[in-house]
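I opened my notebook to go through this structure piece by piece. My entries follow in the order in which I looked things up.

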Amino acid sequence: MSTLRLAVALALASSAALAQSPGLGTRISEADTAAWDISILPDGTGLPAGSGTVAQGAHIFAAKCAMCHGEGGKGSPAGNALVGGAPLASGIETTKTIANFWGYPTTLFDFIRRAMPFQQPRTLSDNEVYALAAYLFAQNKIIGENEVMNAKTLPQVKMPNRDGFIIRFPDRI
Amino acid sequence: MDKFEVVAGNGLLHRRAFLRGGSAFAAAVTGYALARSATAAPLADAPWSREMGAAMPPVQAPSRFEKHVVRTLSNPNNELRNSHARTPHQMLQGTITPASLHFTINHSGVPDIDPAQHKLAIHGMVRQPLVFTAESLSRYPMVSRMGFVECGGNSAPMFSNEPIQATAQALHGLVSSSEWTGVPLAVLLDEAGVDPKAKWFVAEGADSLALSRSIPLKKGLDDAMVALYQNGERLMPGNGYPMRLLLPGYEGNMNVKFLRRIKLVDQPAMSYYESRTYSQILPGGKAYRFYFVQEVKSFITHPSFGHALRGQGYYEISGVAYSGNGRIAKVLVSADGGKSWGEAALQEPVLPKAFTRFRMPWRWDGRPVVLQSRAWDEAGNVQPLRAEFVAQRGETKKPPNPLAFPNQHYNSLTSWAVDGNGEIKHVYA
């Protein structure tokens, strides 16, 4: 079959499939998905306006996070430590931490904003999330004490283990 | 006395010994004779045969004599952490996990979702963002398929440097298999009109963590489904009611439950669960990321830890085999710790990315044995032997808490040692 005929055949098949769709989805504008659209991509796509400092983050952490994650993020029986971590070569059961494992800074912003505090998820303001990210990066010596996190600076934070991964099934992507 | 062909050490019999009638296979060179059974007592009516039975409930539950057949819970008091409920494989047969016994992992409890108010949004890199409800999806052409779902952390206790003495439920209870019915995701994506530049989609749940995973669009357009039904009834709350993503053969956590949002994107989001929890550390310190496929695996459920053999003679060895790469092609069973192997019968139907039950006739002579199974899938993948698996993936320095997850994606062998008294232990062989 020629390329042209193949293209025509595919186009026909595609339009036939469209015609067969029951078409019962309700249209919504992209803007109206905003309240649910909390996905942050590694290149920073989706990061909201706002900013936060390490010092602001320390206050917020003490008030809203330390009851589970311990003073300064050192951990407690109720919550994982958020500071430190053994080298990954210590063993396959090494606890994965922000400092020793996480590959992308955006993951931290995304997870705090979507899931924390555990009992009141999605109650933090975007400024608070930026401040907490700044605080936790600084506690782990990944950024300096005076750095400010915002949509521009956060994706540029270089995580120590960024290059520590092997894609298991590249042919599936 | 019939004779049966012996195919491997310690009394493994030919897989068709009983399927076509034993005497047809009596012409064995080296045959075991099965002893005649003992004499039974004279028959008499039991009380339940002499009175009218109980009223039928609207939803029936198992017999009161089966109350021990339950899932085991890691967090029974719903403390502020994740919870696991494990399937009791050593007490089940066949290939379908009852919905009430399907494994469940929830990272922040089970949400109580009103299906009339639940919505599924498809947006991002699409021509027209759309919202679906359970009611609108129920009008779409549906498909049903058998499919296993397995947590990436299933069998994590097998990474222990010493064998943990525990049941198949405790070791492998985070996999189950069901018939799933729902709408092909490709139909919904087609209706929204996917931008050719989109390469991934982020799936997100309506649970309090808004659990999210990035999935290659390739899988979404292949055999992914928005599932509404499980074994004919609506999804159980713990399995994603009122709708979940089903990605046949892919890591359980990617099969996002309580599905409320699909966003088409051009890159993976590197969400917490994909870039942390289910990325696994390898010996030496590198880590695997995007471990989508649950690879070929099998384990013996009967007999297994917690059972006891009551006297020598005939038993059926059986278990489950499955592969995220397709159908099971072959299962071998050993009763001598891997020195010799016999091919097990595969119970039909053998379906892709679903449980296959294997069966192996066996005559136990009362001496100690070590039982193992090893599966191959139709793509030619084979379950790795433990020595080679541990060399590549490592093991712990000391035995972990059996409820902990020292690592992910174990698919090597499981070995059960039967001693001369018929007691069963978990061993590495």
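**Entry 1: a helix of chain A**

Against which elements do the buried residues of α4(A) pack? I noted before starting that this is a predicted model. I then listed the partners of α4(A). Within chain A, its buried residues pack against α5 (126-139). From chain B, they meet β11 (200-205), β12 (212-216) and α5.

I checked burial along the helix next. Helix α4 of chain A spans residues 105-115, and 11 of the 11 residues are buried, so the helix is largely enclosed by the rest of the structure. Charged side chains are on the list too: A:Asp110, A:Arg113 and A:Arg114 are among the buried residues. So are A:Leu108, A:Phe109, A:Phe111 and A:Ile112.

**Entry 2: chain A overall**

I counted 5 helices and 4 strands in chain A. From the N terminus on, I read the order as α-β-β-α-α-α-α-β-β. The chain has 173 residues, and 44% of them are buried. I also looked at contacts with a separation of 6 or more. Of these, 58% join residues 24 or more positions apart.

**Entry 3: the interface of the two chains**

How many residues does each chain bring to the contact? I found 71 from chain B and 53 from chain A. In chain B, the residues that lose the most area to chain A are B:Arg276, B:Ile281 and B:Arg289. Together these three give 12% of what that side buries.

I looked up the area for the pair of chains. About 5,600 Å² is buried between chain B and chain A. Carbon and sulfur atoms give 58% of that area.

Then I turned to polar links. The rule finds 4 salt bridges across the interface of chain B and chain A. I looked at one, between the side chains of B:Arg261 and A:Asp37, with N to O at 3.1 Å. I also counted 38 residue pairs in polar contact between the chains, with both residues at pLDDT 80 or more. On the side of chain B that touches chain A, helix α5 (residues 272-277) of chain B gives the largest share, 5 residues. By class, that side of chain B has 31 nonpolar, 20 polar and 20 charged residues.

**Entry 4: a sheet shared by both chains**

Which strands make up the open sheet of 3 strands with mixed pairing? I read the order as β4(A)-β18(B)-β17(B). At the edges stand β4 of chain A and β17 (280-281) of chain B; each has a single partner strand, so one side of each is left without a neighbour in the sheet.

I followed the two pairings. Strand β4 (residues 165-167) of chain A runs parallel to strand β18 (residues 287-289) of chain B, over 3 bridges. There A:Ile166 stands opposite B:Tyr288. Strands β17(B) and β18(B) run antiparallel and are joined by 2 bridges. B:Ile281 has B:Ala287 in β18(B) as its bridge partner.

**Entry 5: a covered strand in chain B**

Strand β5 (residues 83-86) of chain B is covered on both faces. I found B:Ser83 and B:Ala85 buried on one side, and B:His84 and B:Arg86 buried on the other. I then checked its partners. Strand β4 (residues 72-73) of chain B pairs with β5(B) in the antiparallel sense over 2 bridges. B:Thr72 is the residue opposite B:Arg86. Strand β6 (residues 104-106) of chain B pairs with β5(B), also antiparallel, over 3 bridges. Here B:Ala85 is partnered by B:Thr104.

**Entry 6: B:Glu150**

Is B:Glu150 buried or exposed? It is buried, with a relative accessible area of 2%. I placed B:Glu150 in strand β9 (residues 143-150) of chain B. Its side chain makes a polar contact with the side chain of B:Gln294 at 2.9 Å. A polar contact to the side chain of B:Tyr322 comes at 2.7 Å. Beyond its neighbours within four places in sequence, B:Glu150 is in contact with residues including B:Phe103, B:Leu174, B:Glu251 and B:Lys297.

**Entry 7: a sheet within chain B**

My last look was at an open, antiparallel sheet of 5 strands, ordered β22-β21-β25-β26-β27 in chain B. The edge strands are β22 (342-343) and β27 (424-427), each with a single partner strand, so one side of each is left without a neighbour in the sheet. Strands β25 (residues 369-377) and β26 (residues 415-418) of chain B pair over 4 bridges. In that pairing, B:Leu371 stands opposite B:Trp416.

Definitions and conventions:
Residues are numbered from 1 along each chain as its sequence is written. Chains are lettered from A and ligands numbered from 1 in the order in which they are written. This is a predicted model: local features need pLDDT of at least 70, side-chain atom pairs count only at pLDDT 80 or more; totals for chains, interfaces and linings use all residues. Side-chain values use heavy atoms; hydrogens and water are left out. Contact means heavy atoms within 4.5 Å. Buried area is the accessible area (1.4 Å probe) that two parts lose on being put together, summed over both. A polar contact is a pair of N or O atoms within 3.5 Å; within protein, one must be able to donate a hydrogen and the other to accept it, and residues adjacent in sequence count only if both atoms are side-chain atoms. Ala, Val, Leu, Ile, Met, Phe, Trp, Tyr, Cys and Pro count as nonpolar, Asp, Glu, Lys and Arg as charged, and the others, Gly among them, as polar. Two strands pair if DSSP finds at least two bridges between them. Buried means under 20% relative accessible area, exposed over 50%, partly exposed in between (1.4 Å probe, protein chains only).
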